[in-house]
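Dear colleague,

I am handing over the structure we spoke of, and below it you will find an account of what turned up when I went through it. Please read the text with the model open beside you.

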Amino acid sequence: MPSAAPSRRATVALAAGGTGGHLFPAEALARELLARGFDVVIHTEHRGAQYTQALAGIAHVVLPASSLEGGVVAKAKAALTILRGVLASRRDLKRRRAALVVGFGGYPSFAPALAAKSLGLPLLLHEQATRLSKANARLLRVADGLATSFPTVAGAEGIEPAKIVETGNPVRGAILDARGAYPPFDAHDPLRLLVVGGSQSAAVFGRVVPPALALLPETLRHRLHLSLQYRGEDADALVVQLREAGIDATVRPFFDDMGERLREAHLVVTRAGATTAADLLTIGRPAIFVPLPHGGAREEQCRNARTLAQAGVGWHLPEAELTPESLAVVLREAFESPDRLPEAARAAAALGRPDAAARLADAVERLLPAPTP
């Protein structure tokens, strides 16, 4: 149970990286805390500030930020940038008389977390994935608490078990509002397939999905309604290709009604980022997970995909194995079985945490220092 409401409006600062995977959970917690009467500020960097809709009505500060990757010279420059971020964050935290900082990972969250500890403020970390991010792993030894999205998180062994609480991953209000029963289908109903590549899109889906769908039996193709997120210049050509195969298709660079499209979907083809996974589990939709094939997020997404596939939420199809033929086999298996997709939808919903923002806000309240008279 949350603690009693503080006697004054305490200010809680949230520190989030610049991607939607970090910023959207921070937004969800911010709106929950605002509803509880707290003052809230989000510290992020220039990429995060571009999510204007997510930040609407929420105070935010744009800090200099840099990753500690690269050679000696690059690391030295990054250290100076982080120091500037620490000083700027520290000034803002002091000015607002912040009582606590919540870090959501990503290298831009590092400076506000260090600023918090330099001021003696409690630090709560939130991990969205099945393994601690680099930023959270480095901050774990100075953290006062760790909130997780999954029952077990690799890399969390460095903190006392009593300081860990499983809250789930907070999702946006548009996702919460889109919850509903899994759409029924039989041998004649439409089959709605949603293909999205996360905040960065995924060009590979544009190359593989249309020819994969063309390999399906005609009876399936004529029932398909495809929503494909694709940012390539040949989007119009893809629509023509799909419609020539008898497939009703909508191809857009971005869907601003993602909640509605998730609710209507029978199956989703997607990356395996933590926030994408949280959205799917909250609404309860099965998916074919195609993790990022390279880069810093590769291991995280692979672990997420394996975990969710093993839990019965869907399929894990590595990009190296993603071909029109392999995808067509999985799609046909899913759509031709009367039970496979509804069972996967139930498994997804069982793992969903629609109350994650409230649970995380409760954890914040428990860590808040007692208000001064």
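Which two side chains meet in a salt bridge at 2.8 Å, N to O? In this model, which is predicted, they are those of glutamate 365 and arginine 36. Glutamate 365 belongs to helix α16 (residues 356-367), whereas arginine 36 sits in the loop between α1 (20-35) and β2 (39-44), so the pair ties together parts that lie 329 residues apart in sequence. Glutamate 365 counts as buried, because its relative accessibility of 8% falls under the 20% limit, while arginine 36, with a relative accessible area of 26%, is partly exposed.

Two other salt bridges deserve a look in the viewer. The side chains of arginine 353 and glutamate 166 meet at 3.3 Å, N to O; arginine 353 is in the loop between α15 and α16 and glutamate 166 in strand β7 (residues 164-166), so this pair ties together parts that are 187 residues apart in sequence. Arginine 353 is partly exposed, with a relative accessible area of 26%, and glutamate 166 is partly exposed as well, with 24%. Salt bridges that share partners also join Glu32, Arg36, Asp362 and Glu365 into one network.

The other pair is aspartate 144 and lysine 117, whose side chains form a salt bridge at 2.9 Å, N to O. This pair links distant parts of the chain, 27 residues apart, with aspartate 144 in the loop between α6 (134-139) and β6 (145-148) and lysine 117 in helix α5 (residues 110-118). Aspartate 144 is partly exposed, with a relative accessible area of 28%, and for lysine 117, also partly exposed, the value is 28%. The count of salt bridges comes to 15.

Turning to the nonpolar interior, the largest core holds 41 residues, of which Leu193, Phe205, Leu213, Leu226 and Ile288 touch the most other members. Several elements give two or more residues to this core, including β8 (191-196), α8 (203-214), β9 (224-229), α10 (235-244) and α14 (324-336). Apart from this core lies another, of 27 residues, among them Val61, Val86, Leu93 and Ala116. Leucine 213 makes a convenient starting point for inspection: leaving aside its neighbours within four places in sequence, leucine 213 is in contact with Leu193, Arg221, Leu224, Leu226, Leu242, Ile247 and Leu331.

In soluble globular proteins, nonpolar side chains tend to be buried together. On the surface, however, Leu80, Leu83 and Leu87 make a nonpolar patch of about 290 Å². Leucine 80 is found in helix α4 (residues 72-96), and leucine 80 counts as exposed because its relative accessible area of 57% is over the 50% limit.

As for the chain overall, there are 16 helices and 13 strands. The radius of gyration is 22 Å, close to the 21 Å that the globule rule gives for 373 residues, so the chain is as compact as a globular protein of that length. Along its principal axes, the C-alpha trace spans about 70 × 50 × 35 Å. Buried residues make up 52% of the 373 residues, and among contacts with a separation of 6 or more, 65% are between residues 24 or more positions apart. The chain exposes about 16,400 Å², and carbon and sulfur atoms supply 53% of that area.

With best regards

Notes: Residues are numbered from 1 along each chain as its sequence is written. This is a predicted model: local features need pLDDT of at least 70, side-chain atom pairs count only at pLDDT 80 or more; totals for chains, interfaces and linings use all residues. Side-chain values use heavy atoms; hydrogens and water are left out. A nonpolar core is a set of buried Ala, Val, Leu, Ile, Met, Phe, Trp, Tyr and Cys residues joined through side-chain atoms within 4.5 Å. Buried means under 20% relative accessible area, exposed over 50%, partly exposed in between (1.4 Å probe, protein chains only). Helices (H or I, at least four residues) and strands (E, at least two) are DSSP runs, numbered from the N terminus. Contact means heavy atoms within 4.5 Å. Patches are made of residues with over 30% relative accessible area and no salt bridge: like charges are joined within 9 Å, nonpolar side chains (Val, Leu, Ile, Met, Phe, Trp, Tyr) within 5 Å. Accessible areas come from the Shrake-Rupley method with a 1.4 Å probe; for residues, only the protein chains shown count as cover. A salt bridge is a side-chain nitrogen of Lys or Arg within 4 Å of a carboxyl oxygen of Asp or Glu. The radius of gyration is taken over C-alpha atoms; the globule rule is 2.2 Å times the number of residues to the power 0.38.
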